[in-house]
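Trainee: I'd like a close look at chain A, mainly its sheets and the helices packed on them. Could you walk me through that part, and then show me how it fits with the rest?

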Amino acid sequence: MSGRPILLEARGLQASRGMRPVLSTIDLALHASEAVALVGPNAAGKSTLVRALAGLLRATAGEVRLLDRPLGTWSRDALARAVALVASEDEGAPAMTVRDRVALGRYPHRGPLRPFTDADHAAVERAIRLCGIGTLAGRTLGTLSAGERQLAALARGLAQEPRVLLLDEPAAHLDIGHELQLFRVLDEVRTQDVTVLAVIHDLARAARWAERMVLIAAGRIAADGPPDAVLQSPAAAEAFGVHVRGHAVAGLSHPLYSFEEGLQ
Amino acid sequence: MSPRRTLALLLAALPLAVALAVAIGSVRLPLAGVLGLAPLDPAHHTILWSVRLPRVLLAAVVGGGLAVVGATLQAVFRNPMADAGLLGVSSGAALGAVLASSAGWAAGVFLALPAAAFGGALLALVLVYALAHVAGRPTLHGLLLTGLAVSALAGAALSMLLVATEEFRVKTVLFWLAGGLEGRSWPHLALGSVFVLGGCLLLWSFARPLDLLSLGEDEAASLGLPVHATRLAFFAGAALVAGAATAVAGSVPFVGLMAPHALRPSVGSLSRRLLPAAFLGGATLVVLADLGARSLSGRYELPLGSVTAFLGAPYFLMAVRRGEERG
């Protein structure tokens, strides 16, 4: 990873939700066009870290730097042009069309008043096409399935044309077909020089997709490295309280994982 | 129906409603004369120009403004049933107007009445927003209950003012509670138009941030929007329009709920299209409601606010029922 430049970096980052401290001293550097899976047990601080990286949550100590400048020195618009966040909550008014929803991703480029240019329209159409929702573009959000709405939310993030794409449980409501589609889109996004960091609950899926896995437990980074190594590390077993076994299967380039209860 | 066709239909309906409302009344004016196709006799001419036309146009301005306020608040609160009336904004504006009028400020200071109505509306909105957000994102129930409480508070203050008001002024106070356009003329229209139309244009020109707010706090912030400041700015704009509308017409409930709610399925929820459509729909609605208020009873003029409430309350209940069925 060291060959690629660092885009987004947390240094000694601490953050709280309300009065409750959630993150303690996170050091994490995201490199150009890296695919990072952020995993960890419930309430470990994954969403908090993602929000702090996106600049939505102020650090109580330490800092987040984008292209080696503290987030606080970036204007809101410039920050939103560089970093996009897509959460799993199903936002958006039911009467809004998919295309209008995606077009809101151009806000950081155009602001409240400036009219859309051809470049804006092109970015919107590109994002829609990349997510494979061209046939849904004219439909309203209320008529879509949860999976289709999630792809529309992802397309909004892509329409921002960010350098870094942060996703908080993007596959949370998706069936297997939509899940595979989503991760295929993320792979394509990476080839366009975009760094992708995604909070993923399904550890086996995370290991398949990512080139790097960051394990968070109790507000700290417990392991960070190649997914198969992180997943089979004692840290993972301890964080989740389970036995993790990787099984090599003839004809498959990656191990299959099984998880068993038992560790406390 | 496509957004374009809906808009065309609304654009045709409003002038038609205006012409109808100008022609019909205690004295019926010939439609040809109203439309300028035939000469009017002098008495009719006077009725048309100094009574009917300003009143009907004011009804259109008030209705359009309240509908735009409704659509704006629905986006900010992310709830298709938010409305100035249900959120206590109208009561706040009425309280401000009554206060200005009972205390005698309205007689002495230019613009004191609309300013007080604006203040009351803004205060109510900020209060509802702050109270409802104490426990995170408010549900419809939470919002409505908070609005109810703020309305009740404003109502209680109004009652106290009413007791303290000299008898000859009580009727003026009752006017704001019931809502109506009786005796309204050009000065009211001028006053109302400046603030209502100006405020509506302002809200419309910031349609894009309004749509971002409808996505929710995290997403709006991640797109670079200063969420709280933007919300407060929209509250100020909505209070400006609601305050001015209330200052000239009293409280006219449910318009802000019905017009956007009924139009959203056909024009969509994008504010750039919804706000103008809601304006036209609300304007037509109130022009016709005022026509009803003037002509339904042969002996009295009915309060305009009662007419819209008779339409709006069942509409609201049906919409809530349908929303519950859909889950």
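Mentor: Here is a walk through the sheets of chain A, then the helices, then the side that touches chain B, and a short stop in chain B.

Keep in mind that this is a predicted model. Let's start with the smaller topic of hairpins and edges, and build up from there.

Chain A has an open sheet of 4 strands, in the order β2-β1-β4-β5, and the pairing is antiparallel. Its edges are β2 (20-31) and β5 (69-70) of chain A, each of which pairs on one side only. Go to the β2 edge and you'll find that 8 bridges tie β1(A) to β2(A), the two running antiparallel. To find the register on screen, pick A:A15, whose bridge partner in β2(A) is A:L23. These two strands make a hairpin with 2 residues between them, and A:G18 in that turn has a positive phi of about 60°. At the other edge, β4 (residues 61-66) of chain A is joined to β5(A) by 2 bridges, again antiparallel. There, A:R65 has A:P70 in β5(A) as its bridge partner.

Now the other open sheet, with 6 strands in the order β6-β7-β8-β3-β9-β10 of chain A and mixed pairing. The edge strands here are β6 and β10 (220-225) of chain A, each pairing on one side only. From one strand to the next, the twist averages 15°. Over at the β10 edge, 5 bridges join β9 (residues 212-217) of chain A to β10(A), and that pair runs antiparallel. A handy marker is A:M213, which stands opposite A:G225 in β10(A).

What links the two sheets? Look at helix α1 of chain A. On the 6-stranded sheet, α1(A) touches β3 (35-39), β6, β7 (164-168), β8 (195-199) and β9 of chain A, and its direction makes about 150° with that of β7(A). On the 4-stranded sheet, α1 (residues 46-53) of chain A lies across β1 (6-17), β2 and β4 of chain A, running at about 125° to β1(A). So if you want one element to keep in view while you turn the model, α1(A) is a good pick, since it packs on the 6-stranded sheet and also lies across strands of the 4-stranded one.

Another helix to follow is α7 of chain A. Helix α7(A) lies across β3, β7 and β8 of chain A, at about 150° to β8(A). It has a helix partner too: the axes of α6 (residues 146-159) and α7 (residues 176-191) of chain A come within 10 Å and cross at roughly 10°. Angles under 35 degrees count as roughly parallel, and α6(A) and α7(A) are therefore roughly parallel to each other. On the α6(A) side the contact uses A:G147, A:L151, A:L154 and A:L158, while α7(A) brings A:H178, A:L182, A:V185 and A:V189. Sort the residues of that contact by class and you get 6 nonpolar, 2 polar and no charged.

Away from those two sheets' edges, have a look at the pair β11 and β12. Strand β11 (residues 242-247) of chain A is joined to β12(A) by 6 bridges, and they run antiparallel. Within that pair, A:G246 has A:Y257 in β12(A) as its bridge partner. Of the 6 residues of β12 (residues 256-261) of chain A, the number buried is 0, so the strand lies largely in the open.

How does this chain meet its neighbour? In all, 22 residues of chain A are in contact with 21 residues of chain B. On the chain A side, the elements giving two or more residues are α2 (76-82), β6 (83-87) and α4 (107-110) of chain A. The largest share, 4 residues, comes from α2(A). By class, that side of chain A has 15 nonpolar, 2 polar and 5 charged residues. Remember that β6(A) is also an edge strand of the 6-stranded sheet.

Last, the core. The largest nonpolar core has 201 residues, and those with the most contacts inside it include A:V83, A:A155, A:L166 and B:A242. Helix α3 (residues 42-76) of chain B gives the largest share, 15 residues. Leaving aside neighbours within four places in sequence, B:A242 is in contact with B:L66, B:V69, B:A84, B:V89, B:S90, B:A93 and B:A121.

Conventions. Residues are numbered from 1 along each chain as its sequence is written. Chains are lettered from A and ligands numbered from 1 in the order in which they are written. This is a predicted model: local features need pLDDT of at least 70, side-chain atom pairs count only at pLDDT 80 or more; totals for chains, interfaces and linings use all residues. Two strands pair if DSSP finds at least two bridges between them. Two residues are in contact if their C-beta atoms, placed from the backbone, lie within 7 Å. Axes are lines fitted to C-alpha atoms, for helices over the stretch in contact, and angles run from 0 to 180 degrees between N-to-C directions. Ala, Val, Leu, Ile, Met, Phe, Trp, Tyr, Cys and Pro count as nonpolar, Asp, Glu, Lys and Arg as charged, and the others, Gly among them, as polar. Angles under 35 degrees count as roughly parallel, over 145 as roughly antiparallel, 65 to 115 as roughly perpendicular and the rest as oblique. A nonpolar core is a set of buried Ala, Val, Leu, Ile, Met, Phe, Trp, Tyr and Cys residues joined through C-beta atoms within 7 Å. A residue is buried if 20 or more other C-beta atoms lie within 10 Å of its own, exposed if 12 or fewer, and partly exposed in between; C-beta atoms are placed from the backbone.
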